[in-house]
Amino acid sequence: MTNQPRGTLRTALTRTAFIAAPLCMLAYGTIRLSDPDHGPGLAWTSGHIALIAGVLLFGAIFLGLLRLSEPTTGAARLSARVATLVGLTGTVAVTAQGVIDLVVGFRATDRAGMERLFEDVQSHPGVMPAVYTVGPMLFYVGLLWMVIQLAVQHRISVWRPALVMLGTAAMAASLDLLPLGGLLFAAALSPLGREVTSRRAAHIRTA
């Protein structure tokens with residue numbers, strides 16, 4: 001009896017994540033555009049809360065995509081697991097960056113003060129590659145890796161990784177295109193939540 005409520009909660013979280021995570025990125029990008037000074041203040045804080053929430057929900061998406069790749073064996077299984085690990089590592093990096101941004105926004109009284117605090121944080125060895133350059137890239141690498149593999153396995157349509165790639169390219173080209181990237185991610189990923197949970201339910205019934 002105790003497993004059923006947990007399974008129901010997990011199913012609801014997974015479905016919610018596939019819809020809410022891209023929308024949180026869209027919200028962050030939209031709020032960012034409304035704040036030309038880029039902090040500190042309400043827009044900076046609310047935008048980064050949306051960003052952190054969205055990225056954490058992407059953790060559930062990576063695990064859902066991993067379940068969607070099953071059953072599989074050998075190199076395909078190893079590839080899916082490595083891609084998931086890469087994506088989750090990137091999720092941790094982007095979350096850390098968002099938390100740092102929030103703390104800096106709370107501590108500083110103006111943009112110049114924020115810049116000084118950012119310099120202090122980024123001056124520590126390893127922070128720049130782990131949190132600002134290499135680490136966040138792993139999020140997108142893992143996501144693209146997973147959706148491309150799923151398309152190759154004919155688990156999802158080929159246009160879904162194409163939309164993820166376009167969304168990634170848009171956000172990489174300019175942070176001002178974050179809302180567009182969020183919309184493209186939403187179009188590609190939102191319907192997959194139901195498919196992931198439906199497949200999980202079918203697996204439980206036949207287990």
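**Exercise 1. A salt bridge inside one helix**

Task: In this predicted model, determine how the side chains of glutamate 115 and arginine 111 meet, and where the two residues lie.

Solution.
- Step 1. The side chains of glutamate 115 and arginine 111 form a salt bridge, with an N to O distance of 2.9 Å. This satisfies the cut-off of 4 Å.
- Step 2. Both residues belong to helix H4, which covers residues 111-122. They are four residues apart, about one turn of the helix.
- Step 3. Glutamate 115 has a relative accessible area of 36%, so it is partly exposed. Arginine 111, at 29%, is likewise classed as partly exposed.

**Exercise 2. The other salt bridges**

Task: State how many salt bridges a search of the whole structure finds, and describe the partners of aspartate 176 and glutamate 70.

Solution.
- Step 1. The search of the whole structure yields three salt bridges.
- Step 2. Aspartate 176 pairs with arginine 32, and their closest N and O atoms are 2.9 Å apart. Because aspartate 176 sits in the loop between helix H7 (159-173) and helix H8 (178-189) while arginine 32 sits in helix H1, this pair ties together parts that are 144 residues apart in sequence.
- Step 3. The accessibility of each partner is then assigned. Aspartate 176 is partly exposed at 44% relative accessibility, whereas arginine 32 is buried, its relative accessible area being 17%. The value for arginine 32 falls in the buried class because that class is defined as under 20%.
- Step 4. Glutamate 70 forms a salt bridge with arginine 77, the closest N and O atoms being 3.7 Å apart. Glutamate 70 is partly exposed at 22%, and arginine 77 is partly exposed at 31%.

**Exercise 3. Arginine 10 and its distant neighbour in sequence**

Task: Locate arginine 10, classify its accessibility and give its C-alpha separation from threonine 197.

Solution.
- Step 1. Arginine 10 lies in helix H1, residues 3-33.
- Step 2. With 38% relative accessibility, arginine 10 counts as partly exposed.
- Step 3. The C-alpha atoms of arginine 10 and threonine 197 are 9.0 Å apart, although 187 residues separate the two along the chain.

**Exercise 4. The nonpolar cores**

Task: For the largest nonpolar core, identify the residues that touch the most other members, and then the helices that supply at least two residues each.

Solution.
- Step 1. The largest nonpolar core has 38 residues, of which Phe58, Leu65, Leu143, Val164 and Leu189 touch the most other members.
- Step 2. At least two residues of this core come from each of H1, helix H2 (42-68), helix H3 (74-107), helix H6 (134-152), H7, H8 and helix H9 (192-206). H2 gives the most, with eleven residues.
- Step 3. Leucine 189 can be examined individually. Residues up to four places away in sequence being left out, leucine 189 touches Phe18, Phe58, Val147 and Val164.
- Step 4. A second, separate core has ten residues, including Ile100, Val104, Ala108 and Val127.

**Exercise 5. A nonpolar surface patch**

Task: Name the residues that make the nonpolar surface patch of about 450 Å², and determine which element gives the largest share.

Solution.
- Step 1. The patch is made by Leu78, Val82, Met137, Val141 and Trp145.
- Step 2. H3 and H6 are the elements that give two or more residues to the patch. H6 provides the largest share, three residues.
- Step 3. Valine 141 is placed in helix H6. At 39% relative accessibility, valine 141 is partly exposed.

**Exercise 6. Aromatic pairs**

Task: Count the aromatic pairs, and classify the geometry of phenylalanine 139 with phenylalanine 58 and with tyrosine 140.

Solution.
- Step 1. The count comes to five aromatic pairs.
- Step 2. The ring centres of phenylalanine 58 and phenylalanine 139 are 5.0 Å apart and their planes stand at 80°, so this pair is edge-to-face. It links distant parts of the chain, with phenylalanine 58 in helix H2 and phenylalanine 139 in helix H6, 81 residues apart.
- Step 3. Phenylalanine 139 and tyrosine 140 also form an edge-to-face pair, with 5.0 Å centre to centre and 85° between the planes.
- Step 4. Both phenylalanine 58 and phenylalanine 139 are buried, phenylalanine 139 having a relative accessible area of 2%. Tyrosine 140 is partly exposed at 22%.
- Step 5. Ring pairs join Phe58, Phe62, Phe139, Tyr140 and Phe185 into a cluster.

Technical notes: Residues are numbered from 1 along each chain as its sequence is written. This is a predicted model: local features need pLDDT of at least 70, side-chain atom pairs count only at pLDDT 80 or more; totals for chains, interfaces and linings use all residues. Side-chain values use heavy atoms; hydrogens and water are left out. Buried means under 20% relative accessible area, exposed over 50%, partly exposed in between (1.4 Å probe, protein chains only). A nonpolar core is a set of buried Ala, Val, Leu, Ile, Met, Phe, Trp, Tyr and Cys residues joined through side-chain atoms within 4.5 Å. Contact means heavy atoms within 4.5 Å. Patches are made of residues with over 30% relative accessible area and no salt bridge: like charges are joined within 9 Å, nonpolar side chains (Val, Leu, Ile, Met, Phe, Trp, Tyr) within 5 Å. Accessible areas come from the Shrake-Rupley method with a 1.4 Å probe; for residues, only the protein chains shown count as cover. Rings of Phe, Tyr and Trp (its six-membered ring) pair if their centres lie within 6.5 Å; planes under 30 degrees apart count as stacked, over 60 as edge-to-face and the rest as tilted.
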